[in-house]
Amino acid sequence: MTRLDHAFTAIDAANAQDPNLDGDAPANLLYGQRMTAEQQRLFPDADDVLRIACRGQHVERWLLPRADYPMNRPGYLAWRQEQGRRHADRIAGIMADAGYGTDDIDRARKMLTKQGLKRDPQVQALEDVICFTFIRWYLGDFMAEQPDHKIPRIIEKTARKMSAEARARALAEFPMPEALAQYFHDADQPQTLSRVVIVSHGQPGDPAPQQAAIEALAAQVAAHAPGVEVLGATLADPEALPRTCRSDCIIYPMFMAEGWFTGIELPRRLTQAGAPGAHIMRPFGTDPGLDALVIEKARQAADAQGWALSDTTLLLSAHGSQRGQASHDITMALAARIAPHFARVVAGFVEQEPFIADAARDLDRAISLPLFALRAEHVLDDLPQALDQAGFTGPRLDPVGLAPEVPAMIAASIAREVSSLK
């Protein structure tokens with residue numbers, strides 16, 4: 001038995017213990033074998049170290065469940081980093097038992113912990129094999145479990161991890177619609193990521209004021225983001241996206257919900273504007289700092305009235321939609337998270353039940369806070385009319401997106417995104 005055979009046998013024996021099944025086979029065992037098959041197609045002349053790293057990339061992965069870490073992005077990143085370290089340690093032991101030397105073991109460890117991705121050809125080769133395995137065997141089922149608006153982001157992240165050669169080969173081997181294939185065109189992959197465009201809906205009937213507003217916000221964000229060009233554009237201004245966007249830029253959606261507009265319509269508009277490879281961030285309404293900002297704005301208003309926050313009702317007003325639940329769900333989730341700070345948190349919507357006029361009726365010691373990114377038609381017309389109809393007498397705050405803390409919060413989110421893409 002060769003050293004490579006010894007290593008493969010040990011990896012397969014470990015992965016055969018996986019209690020999770022893919023069909024009739026242990027999931028990790030089948031994954032490792034599929035990784036080897038893709039490696040043999042993509043890199044038939046690979047040395048033993050790359051072959052072992054591919055076979056053992058998920059060795060005993062089930063032993064560290066994702067649920068052991070917080071179910072947020074920092075928790076996911078910590079879990080993924082620890083998995084890489086554990087895989088590297090396990091493979092190092094297997095390679096030592098098979099008779100491999102320190103240099104080979106160190107190279108395998110570097111591959112499995114992704115050190116030098118995009119710079120080290122061997123580390124990148126492993127990543128290309130991982131991506132091809134994912135696309136060929138797992139992407140279809142994974143996408144079926146995701147809402148439509150998340151699919152472009154999943155495809156983009158996969159393409160970004162791959163080498164130019166692997167992206168070109170993926171285009172040749174896997175049929176995909178142009179809206180998704182765009183992310184695999186090497187010329188369209190973001191390179192410098194030195195420009196950020198903050199995009200909002202705008203006002204179709206009168207685009208100029210909202211275009212000016214988003215440009216003003218962009219200037220404020222730029223003051224907190226040295227070294228990054230920050231521009232503003234509205235979808236209502238037909239010239240704004242072509243004027244500001246390009247494929248090597250980041251798009252920050254100044255929207256409150258993650259749904260059809262951010263996942264489907266915005267990518268379509270960017271493709272029309274000549275920026276199909278632009279990287280789209282999650283929208284303002286999903287910012288992890290939003291909860292604290294809402295609580296602080298309400299606290300300031302309650303203090304001005306001489307009210308204790310725990311005795312105050314907060315009315316959250318949002319857009320809502322008859323076509324989708326994204327706005328409703330994000331609003332209700334926010335209300336549930338911040339509820340312990342208030343006597344009550346009530347939500348009302350412009351375009352779905354419970355409507356604002358109904359939610360705002362008979363509220364005592366209450367503050368109205370609109371969950372809107374900018375001051376547009378709904379905030380100027382629909383919201384005050386609904387509050388008047390309900391007889392609402394409490395403080396009426398500006399939209400949360402106009403809070404003076406917001407530019408710095410957006411700049412911090414952009415900085416984190418830029419760092420994660422390097």
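Which side chains meet in a salt bridge with an N to O distance of 3.0 Å? The first view takes up this question, and every view below shows a predicted model.

**View 1. D47 and R107 form a salt bridge between a loop and a helix.** The side chains of D47 and R107 meet here, with 3.0 Å from N to O. D47 lies in the loop between α2 (27-42) and α3 (48-55), whereas R107 belongs to helix α5 (residues 102-112), so the pair ties together parts of the chain that are 60 residues apart in sequence. D47 is partly exposed, with a relative accessible area of 30%, and R107 is likewise partly exposed, with a value of 32%. Side chains of opposite charge can pair when their charged atoms come close.

**View 2. R85 and D89 form a salt bridge within helix α4.** The closest N and O atoms of D89 and R85 are 2.8 Å apart. Because the two residues stand four positions apart in helix α4 (residues 73-98), about one helical turn separates them. D89 counts as partly exposed at 34% relative accessibility, and R85 also counts as partly exposed, at 38%.

**View 3. E265 and R269 form a salt bridge within helix α12.** In this pair the closest N and O atoms are 2.6 Å apart. E265 and R269 are four residues apart in helix α12 (residues 260-272), which means that about one helical turn lies between them. Is E265 buried or exposed? E265 counts as buried, because its relative accessibility is 6% and the cut-off for buried is under 20%. Its partner R269, with a relative accessible area of 23%, is partly exposed.

**View 4. Five charged residues, E38, R41, R136, R169 and E173, belong to one network.** Salt bridges that share partners join these residues, so that E38, R41, R136, R169 and E173 can be followed as a single network. In the model as a whole, the count comes to 25 salt bridges.

**View 5. Strands β7 and β8 run parallel and are joined by bridges.** Strand β7 (residues 313-318) is linked to β8 by six bridges. Which residue of β8 is the bridge partner of L316? The partner is A347. Strand β8 (residues 344-349) is mostly covered, since five of its six residues are buried. In a regular strand the side chains alternate between the two faces of the sheet.

How values were computed
Residues are numbered from 1 along each chain as its sequence is written. This is a predicted model: local features need pLDDT of at least 70, side-chain atom pairs count only at pLDDT 80 or more; totals for chains, interfaces and linings use all residues. Side-chain values use heavy atoms; hydrogens and water are left out. Buried means under 20% relative accessible area, exposed over 50%, partly exposed in between (1.4 Å probe, protein chains only). Two strands pair if DSSP finds at least two bridges between them. A salt bridge is a side-chain nitrogen of Lys or Arg within 4 Å of a carboxyl oxygen of Asp or Glu.
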